[in-house]
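Reader: I would like to learn how to read strand pairing, burial and unusual backbone geometry in a model of this kind. Could we go through them one at a time?

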Amino acid sequence: MRLCRSGRVSSCIRTGRKSVETVTRGDVGLDHAPGGVRPKKLLLRALAGERTERPPIWLMRQAGRYLPEYHGVREAAGGMVGLCNSPEHAVEVTLQPIRRFPLDAAILFADLPQIAAALGQTLEYQVGDGPVLTPPIRSASDITEFLSASRLHEELAPIYETVRQLTHALPDDVALIGYAGAPWTVATYMVEGRGGGNSEHALVKQWALSDPDSFQPLIDLLTAAVIEFLDRQIEAGAEAIQLFESWAGILPDPLFRRWCVTPVAAIVTALKAKHPSVPIIAFPRGAGLAYDGFMQATGVDCVGLDSTVPLGWAAQKVQRELGRCVQGNLDPQLLVTGGPALHAETDRILRSLGGGPFVFNLGHGIVKTTPPEHVAALAQQVRSWVAPSTQ
């Protein structure tokens, strides 16, 4: 499969999106941007490897069920599928947390399995089950029979339009993050037929472990599709990209390299060839010891840390030795708890990682029972923090 775009190389300033403001090399930390210029938005500076005067903050699932105003929009859209496929409604829910909280980035509101639906599966949301994909893909013949990239961009067109509208709707200092599920994670949904955290992933693991050569075409198809999907998001105005590898932690080491590292590296290589100035974050949740080496092997600009990753390791290995950005890693349950426990752990993370390039985030997505006032308190604490070197 080849990219369907015209092939032109985009610069960091493109027709149809806000221009990226730049300033000359100077005041704070490190500057890795070409030509001695750096993007002015705080998130983009951190992702470029700069130690910023305070960490930028955004939160995974920052738009969603914990906000009361979200539920009204989802109902008006007719449910999750309608919400994701309606630019008007998707823009609105993307903007809701930006209106409430002083966040430095917005992430496109969409859902990981949408790319599976664009390839040919039917996507529905059932109460108690989350996303359900039919028919499940369980063999090489299923790949051939049920999946095709021929309508990929037609099916995903509403998402591209959402990105275009967000480039005009967001405040000038808020960066726009596009995203996709990484191939292995999307494949788990496609094979199991559903998303969510209750599955043992027995079906996808048995296929991938017992017959990797017949499983490989599914990963290859998804890798090519994700490249095209993210390329179009960047063309529409996304200023950074996050790859969610939500199920990285369920694979043994040799297959982690084959199904997680190699596809992400291919995606990064292809996107960097066309969009060298657009930073890429990868979030290999649950990777454990496999985090070590993941950033170098894939070439991502920033690695997202889940809540189990030791902060000292991230500071030494990623920030100091590689000079690159880390993102994370507050436990989402502490955001539910709030109060002194939230404040203390936030302070610990800031002190541990704030001396290098760092984006404050969670170790997984916001849970639906999170009080919005706790999010407000967290954002205020992070925004008021000053890196010791600049005090």
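Reader: Which residue of β7 is the bridge partner of I177?

Author: This model is a predicted one, and in it the bridge partner of I177 in β7 is A240. That contact belongs to a wider pairing, in which strand β6, residues 175–181, and β7 run in the parallel sense over 5 bridges.

Reader: With which strand does β7 pair over 5 bridges, apart from β6, and in which sense?

Author: The partner is strand β8, residues 280–284, and the sense is parallel. Within this pairing, L243 stands opposite A282 of β8.

Reader: What unit do β7, α11 and β8 make?

Author: Together with helix α11, which covers residues 253–274, β7 and β8 make a β-α-β unit that is right-handed.

Reader: How many of the residues of β7 are buried, and which way do they point?

Author: Strand β7 spans residues 240–245 and is mostly covered, with 6 of its 6 residues buried. A240, Q242 and F244 point one way, while I241, L243 and E245 point the other way, and both sets are buried. The sets thus include the charged-letter position E245 as well as L243, each of them buried.

Reader: How should I read the backbone angles, and where is a peptide bond cis?

Author: As a general idea, most peptide bonds are trans, and most residues other than glycine have a negative phi. Here the bond from T134 to P135 is cis, with omega near -15°, and P135 lies in the loop between β5 (130–134) and α6 (140–146). The bond from G328 to N329 is also cis, with omega near -20°, and N329 is found in strand β10, residues 325–330.

Reader: What is the phi of R61, and where is R61 found?

Author: R61 is not a glycine, yet its phi is positive, at about 60°. R61 sits in the loop between α1 (42–47) and α2 (68–77).

Reader: Why does R61 count as partly exposed?

Author: R61 counts as partly exposed because its relative accessibility is 47%, and that class lies between the cut-offs of 20% and 50%.

Reader: How many disulfides does the structure hold, and are C84 and C260 buried or exposed?

Author: A disulfide is a covalent bond between the sulfur atoms of two cysteines. The structure holds 0 disulfides. C84 counts as buried because its relative accessibility is 2%, and C260 counts as buried because its value is 1%.

Note on methods. Residues are numbered from 1 along each chain as its sequence is written. This is a predicted model: local features need pLDDT of at least 70, side-chain atom pairs count only at pLDDT 80 or more; totals for chains, interfaces and linings use all residues. Side-chain values use heavy atoms; hydrogens and water are left out. Buried means under 20% relative accessible area, exposed over 50%, partly exposed in between (1.4 Å probe, protein chains only). Helices (H or I, at least four residues) and strands (E, at least two) are DSSP runs, numbered from the N terminus. Two strands pair if DSSP finds at least two bridges between them. A crossover is right-handed if, with the strands pointing away from the viewer, the path from the first strand over the helix to the second runs clockwise. A disulfide is a pair of cysteine sulfur atoms within 2.5 Å.
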